[in-house]
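Please open the model in your viewer with a cartoon representation and keep the selection panel at hand. The tour below moves from one selection to the next and says what is found at each stop.

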Amino acid sequence: MSRRRLVTAVAGVVTAPVERVWPLLRRQVPAKEVGEHFLAYQGGWWYRGEWTVTAHPEGTRVDHRVYCVAGPFWAVALANRLFIGFGARTRRAFGDGLAAIAHQTGGSARLT
């Protein structure tokens with residue numbers, strides 16, 4: 001894998017066990033790499049998204065990280081308007097995705 005730089009990270013908890021959350025997340029994310037409770041999608045010329053699922057006292061913790069895998073980073077930042085608002089948009093979309101999973105499990109979700 002090429003050099004990567006963290007752009008943003010977000011996490012949340014779904015009040016359902018990993019065994020129920022994991023298959024729903026797999027259907028939701030168009031992953032090209034799948035491991036033990038790990039998904040990754042690399043698209044476009046710079047983007048790599050990674051998701052991990054772990055047990056949590058309230059149910060399941062889902063972590064999402066977005067990396068820049070292109071270089072030089074300044075060129076990617078300029079092409080993406082310095083990533084202004086990117087973190088907020090990512091957090092909102094991630095929260096919506098967790099809410100959809102929670103709805104399907106009959107549980108609830110919250111961002112951490």
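**Starting at a hairpin**

Begin by selecting strand 2 and strand 3, which form a hairpin with two residues between the strands, and look there for His 37, which takes a positive phi near 60 degrees. Keep in mind throughout that this is a predicted model. The two strands run antiparallel and are joined by three bridges, and if you display side chains you will find Glu 33 standing opposite Ala 40 in strand 3.

Next, keep strand 3 selected and add strand 4, since these two form a hairpin as well, with three residues between them, and Gly 44 in the turn has a positive phi of about 65 degrees. The pairing here is antiparallel over six bridges, and Ala 40 reappears in it, standing opposite Glu 50 in strand 4.

Moving on, select residues 47–56 and 59–68, which are strand 4 and strand 5, paired in the antiparallel sense over 10 bridges; within this pair, Ala 55 stands opposite Thr 60 in strand 5.

**The whole sheet**

Now show every strand together: the sheet is open, has six strands in the order 2-3-4-5-1-6, and pairs in the antiparallel sense. Its edges are strand 2 (33–35) and strand 6 (109–111), each of which pairs on one side only, and the twist from one strand to the next averages 20 degrees.

**Helices across the strands**

Add helix 1, residues 18–28, which lies across strand 1, strand 2, strand 3, strand 4 and strand 5 and runs at about 165 degrees to strand 4. Then add helix 3, residues 86–105, which lies across strand 1, strand 4, strand 5 and strand 6, running at about 30 degrees to strand 1.

**Two residues to compare**

Select Val 29, in the loop between helix 1 and strand 2. Is Val 29 buried or exposed? Its relative accessibility is 7%, and because buried means under 20%, Val 29 counts as buried. Leaving aside residues up to four places away in sequence, Val 29 touches Leu 39 and Trp 51, while its C-alpha lies 9.8 Å from that of Glu 50, a residue 21 places away in sequence.

Finish at Trp 74, in helix 2 (residues 73–79). Trp 74 has a relative accessible area of 58% and is therefore exposed, the cut-off being over 50%. Add Leu 78, Leu 82 and Ile 84 to the selection, and you will have the nonpolar surface patch that these residues form with Trp 74, with about 510 Å² of accessible area together.

Definitions and conventions. Residues numbered from 1 in each chain as written. Predicted model: local features only at pLDDT ≥ 70, side-chain atom pairs only at ≥ 80, totals over all residues. Heavy atoms only, no water. Patch = residues over 30% accessible without salt bridge, like charges linked within 9 Å, V, L, I, M, F, W, Y side chains within 5 Å. Areas by Shrake-Rupley, 256 points an atom, 1.4 Å probe, with all protein chains shown as cover. Salt bridge = Lys/Arg side-chain N within 4 Å of Asp/Glu carboxyl O. Helix = DSSP H or I, 4+ residues; strand = E, 2+ residues; numbered from the N terminus. Buried < 20%, exposed > 50% of the residue type's maximum accessible area, 1.4 Å probe, protein only. Pairing = 2+ DSSP bridges. Axes fitted to C-alpha atoms, helices over the stretch in contact; angles between N-to-C directions. Contact = heavy atoms within 4.5 Å.
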